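The exercises below are meant to be worked with the coordinates open in a viewer. Each task is followed by a solution that proceeds step by step.

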Amino acid sequence: MIKLYNYWRSSASWRVRIALGLKGIPYEYVPVHLVRGEQRGAGHHARNPMDQLPALEVEVEGRTVVLAQSMAILEFLEERYPTPALLPGDALGRARARELAEIVNSGIQPHQNLTPMQRIDALSEGAGKAHARHFNEVGLSALEARVQETAGRFCVGDAPTFADLCLVPQLYSARRFGLADLETRCPTLLRIESACQELEAFRAAHADQQPDAVP
Ligand SMILES: N[C@@H](CCC(=O)N[C@@H](CS)C(=O)NCC(=O)O)C(=O)O
């Protein structure tokens, strides 16, 4: 049985939960409490020396291994469980899906991560949230501009890809960080989010549906 070490509101974990759901892969949900700092405990540090979530524990050729970095995990799942495909069939489409995913993965999420925000707050109180909000604004505006070239029902064409797996948790985070103008800033992204929410795998992966969610 695959184990996913994760946290209900971890956007990087949420991407992997959606992929596991879309591909119909059963897994054990193992909560690691980020706000209490469990990611820095010895147990999790051994799984991921970056002290971050998610981490995926899986059997490969008779060995138990732990993978970290959500995008690497998505690529692994895509190769091991190719159906349904979460990357388009053509090279340009795959590059676009990865490009859009990276806007979120490397352009937004690192700026709203818990430990970096705490370090910014230590330098200037309250600045962490402003920093996170700024990069959500910049990144989501860029994503909105980029999907004009690629979107069908989803970010790239008419089937969900890595880009949608990154988008949906990111919009949840953006709302948490107080972006009040999403309807005007990124209407296409909100339309795609609604299309995603029609799929059970996206609904089941939502933060509020997780066993460690706090109402
Ligand atoms: N690039 C990494 C980012 C992982 C990451 O930053 N995870 C966050 C939760 S979404 C985390 O564990 N943060 C812990 C901390 O900042 O202390 C990935 O995609 O897996």
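**Exercise 1. Fold inventory**

How many helices and how many strands are there in the protein?

*Solution.* The model is a predicted one, and a count of its secondary structure gives 10 helices and four strands. Written from the N terminus on, the elements follow the order β-α-β-α-β-β-α-α-α-α-α-α-α-α.

**Exercise 2. Overall dimensions**

Determine what radius of gyration a compact globule with 215 residues would have, and set the value for the protein beside it.

*Solution.* Begin with the expectation: for 215 residues, a compact globule would have a radius of gyration near 17 Å, and the protein has 17 Å, so the two agree. Next, take the extents along the principal axes, where the C-alpha atoms fill a box of roughly 45 × 45 × 30 Å. Then turn to burial, for which 36% of the 215 residues count as buried. Finally, consider the contacts with a separation of 6 or more, of which 68% come from residues 24 or more positions apart.

**Exercise 3. The hairpin of strand 3 and strand 4**

Describe how strand 3 and strand 4 are paired, and decide whether strand 4 is largely buried or in the open.

*Solution.* Strand 3 (residues 55–60) and strand 4 run antiparallel and are joined by six bridges. One pair to locate is Ala55 with its bridge partner in strand 4, Ala68. Between the two strands of this hairpin there are two residues, and Glu61 takes a positive phi near 50° there. As for burial, strand 4 covers residues 63–68, and the number of its six residues that are buried is zero, so strand 4 lies largely in the open. Glu61 itself counts as exposed because it has 5 C-beta neighbours inside 10 Å, the cut-off for this class being 12 or fewer.

**Exercise 4. Backbone geometry**

Which peptide bond involving Pro54 is cis, and where is Asp51, with its positive phi of about 55°, found?

*Solution.* As a reference point, most residues other than glycine have a negative phi, and most peptide bonds are trans. Against that background, the bond from Leu53 to Pro54 is cis, with omega near 5°, and Pro54 sits in the loop between helix 2 (42–47) and strand 3. Asp51, which is not a glycine but has a positive phi of about 55°, is also in the loop between helix 2 and strand 3; with 17 C-beta neighbours inside 10 Å, Asp51 counts as partly exposed. A cis peptide bond is also found between Thr83 and Pro84, where omega is about -10°, and Pro84 is placed in the loop between helix 3 and helix 4 (91–105).

**Exercise 5. The ligand shell**

Establish how many residues surround the ligand, and explain why the ligand can be said to lie between domain 1 and domain 2.

*Solution.* The shell around the ligand holds 16 residues, the closest being Ser10, Gln52, Ser70, Leu114 and Thr115. Mapped onto secondary structure, the elements that give two or more residues to this shell are helix 1 (11–22), helix 3 (70–80) and helix 5 (114–123). Sorted by class, the shell has six nonpolar, nine polar and one charged residues. The last step concerns the domains: domain 1 (2–84) and domain 2 (91–201) both give residues to the shell, and therefore the ligand lies between them.

Methods:
Residues numbered from 1 in each chain as written. Predicted model: local features only at pLDDT ≥ 70, side-chain atom pairs only at ≥ 80, totals over all residues. Near = placed C-beta within 6 Å. Nonpolar A, V, L, I, M, F, W, Y, C, P; charged D, E, K, R; others polar. Domains from an automatic or database assignment. Buried ≥ 20, exposed ≤ 12 C-beta atoms within 10 Å, placed from the backbone. Pairing = 2+ DSSP bridges. Rg over C-alpha atoms; globule rule 2.2 N^0.38 Å. Contact = placed C-beta atoms within 7 Å.
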